[in-house]
Amino acid sequence: LFTAEWVRSQELTKVTFPYGPLGLNSIPWVVAKERRFFEKNGLDVDMVYVGASAVIVQSMLSGSANIAGFGGPAVITNVLRGGDIIQVAAMAPFFTQSLLVRPDIRDIKNLQGKKVGITRFGSVTDFALRTLIERYNLKDVNMLQMGGFPEAVAGLSRGTIDGAVLSPPHGFRMIKEGFRELVTPKDLRALGSGFMTQGIVARRSFAAAHREIVVRVIKSTVEGTRYAITNEDYTKRLIAKYLGINDNDLLRQSFLYVTETFVREPFVPESTMQSMIQRMVQVNMIDAKSVQATPTSAYFDNSYVTELKRSGFLDGIWK
């Protein structure tokens, strides 16, 4: 006999969805999975935490996934190298990272000669640190790849590194433990560099052939975002479960971050992409000649979000 659960599962489209980071920036997808918004939209999504965006790109190019959750420089470098991974939605089109350091480091100039942890080269954290190094003309800063935020936190706690670029809630936790937030997300934004911290990407070829899947992933993500923002107790319980936070102050900070960070309509801002590209050229992450030969439209496609907007979904869900 076929059970109703078995029959229902056969009707869902299976989607492998690598994502990063392991933190608050991924909460909309966790909520979408837990509250079964993916299933409601006909998807059986296998969420796989991979970590740094550069590693996710490698896994997508190898054929293991066609759609994923991340933002940042990896999309730009992929396109310039001939890849077809593009940004199709933007959940947090700005910096959300902080630079946390030992308490005795009181000025950014004191970073010279110090060891600072990032997740991986080519990642959001790499971009943020390179921006600071270039803007403040820092010398001899030793950038160390830690792998992920938990590893960076561990390195800072043990004293094997002097600082680390972190996203919430890891930064909140380290501040409470006595580490100094030397550079805030607001400080990074004030440097005038637009940035894509979090969003949804897809292989352009896959998205063109399976448009409805991309639209449904974005729709589920927006539903997850709204639920997280409008259900404080649930969201805090989920944060406690997945991120191991039990401190009430940190949970409240984390929830407020969720309410203040994610956009209601996840269009990819062209100006943000242009700003990020320009900054990547300035910090020598990409080649200027390659950029000049590539139109900004090569990096993103807003037509999927536009489809949700025209259908009335985006206006209706936020009423």
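Here is a walk through this predicted model, from the whole chain down to a few individual residues.

Let's start with the overall build. The secondary structure of the chain adds up to 17 helices and 10 strands. If you lay a box along the principal axes, the C-alpha atoms fill roughly 65 × 50 × 40 Å. Does that go with a compact globule or an extended chain? For 319 residues, a compact globule would have a radius of gyration near 20 Å, and the chain comes in at 19 Å, so the two agree. As for cover, 54% of the 319 residues count as buried. The accessible surface is about 13800 Å², and carbon and sulfur atoms account for 48% of that. Contacts tell you about the wiring too: take those between residues at least 6 apart in sequence, and 81% of them join residues at least 24 apart.

Now zoom in on a piece of sheet. Strand E6, residues 115-118, pairs with strand E7, residues 142-145, in the parallel sense over 4 bridges. If you want a landmark there, look at Val116, which stands opposite Met143 in E7. To get from E6 to E7 the chain passes through helix H6, residues 124-135, and this β-α-β crossover is right-handed.

Next up, the aromatics. The model has 9 aromatic pairs. Take Tyr19 and Trp29: their ring centres are 6.4 Å apart and the planes meet at 65°, and since an angle over 60 degrees counts as edge-to-face, that is what this pair is. The pair links distant parts of the chain, with Tyr19 in strand E1 (residues 13-19) and Trp29 in helix H2 (residues 27-34), 10 residues apart. Are these two rings' residues buried or exposed? Tyr19 has a relative accessible area of 10% and is therefore buried, the cut-off being under 20%. Trp29 is buried as well, with a relative accessible area of 0%. The story doesn't end with two rings, either: ring pairs link Phe17, Tyr19, Trp29 and Tyr49 into a cluster.

Trp29 brings us to its helix. H2 is mostly covered, with 6 of its 8 residues buried. Those buried residues are Ile27, Pro28, Trp29, Val30, Val31 and Ala32. After the helix comes Arg36, which has a positive phi, near 65°.

Stay with Trp29 a moment longer, as it also turns up among the contacts of Met91. Met91 lies in strand E4, residues 85-92, and at 4% relative accessibility it counts as buried. Leaving aside residues up to four places away in sequence, Met91 touches Asn25, Pro28 and Trp29, then Gln198, Gly199 and Ile200, then Thr221, and finally Thr261, Phe262 and Val263. There is also a long-range neighbour to check: Met91 and Phe267 are 176 residues apart in sequence, yet their C-alpha atoms are 8.1 Å apart in space.

Last stop, a loop residue. Where does Asp162 sit? You'll find Asp162 in the loop between helix H7 (149-158) and strand E8 (163-166). Loop or not, Asp162 counts as buried, because its relative accessibility is 11%. Again not counting residues up to four places away in sequence, Asp162 touches Leu100, Val101, Arg102, Ile105, Lys114, Lys115 and Leu156. One of these, Lys115, takes you back to strand E6, which spans residues 115-118.

Key
Residues are numbered from 1 along each chain as its sequence is written. This is a predicted model: local features need pLDDT of at least 70, side-chain atom pairs count only at pLDDT 80 or more; totals for chains, interfaces and linings use all residues. Side-chain values use heavy atoms; hydrogens and water are left out. Two strands pair if DSSP finds at least two bridges between them. Helices (H or I, at least four residues) and strands (E, at least two) are DSSP runs, numbered from the N terminus. A crossover is right-handed if, with the strands pointing away from the viewer, the path from the first strand over the helix to the second runs clockwise. The radius of gyration is taken over C-alpha atoms; the globule rule is 2.2 Å times the number of residues to the power 0.38. Buried means under 20% relative accessible area, exposed over 50%, partly exposed in between (1.4 Å probe, protein chains only). Contact means heavy atoms within 4.5 Å. Accessible areas come from the Shrake-Rupley method with a 1.4 Å probe; for residues, only the protein chains shown count as cover. Rings of Phe, Tyr and Trp (its six-membered ring) pair if their centres lie within 6.5 Å; planes under 30 degrees apart count as stacked, over 60 as edge-to-face and the rest as tilted.
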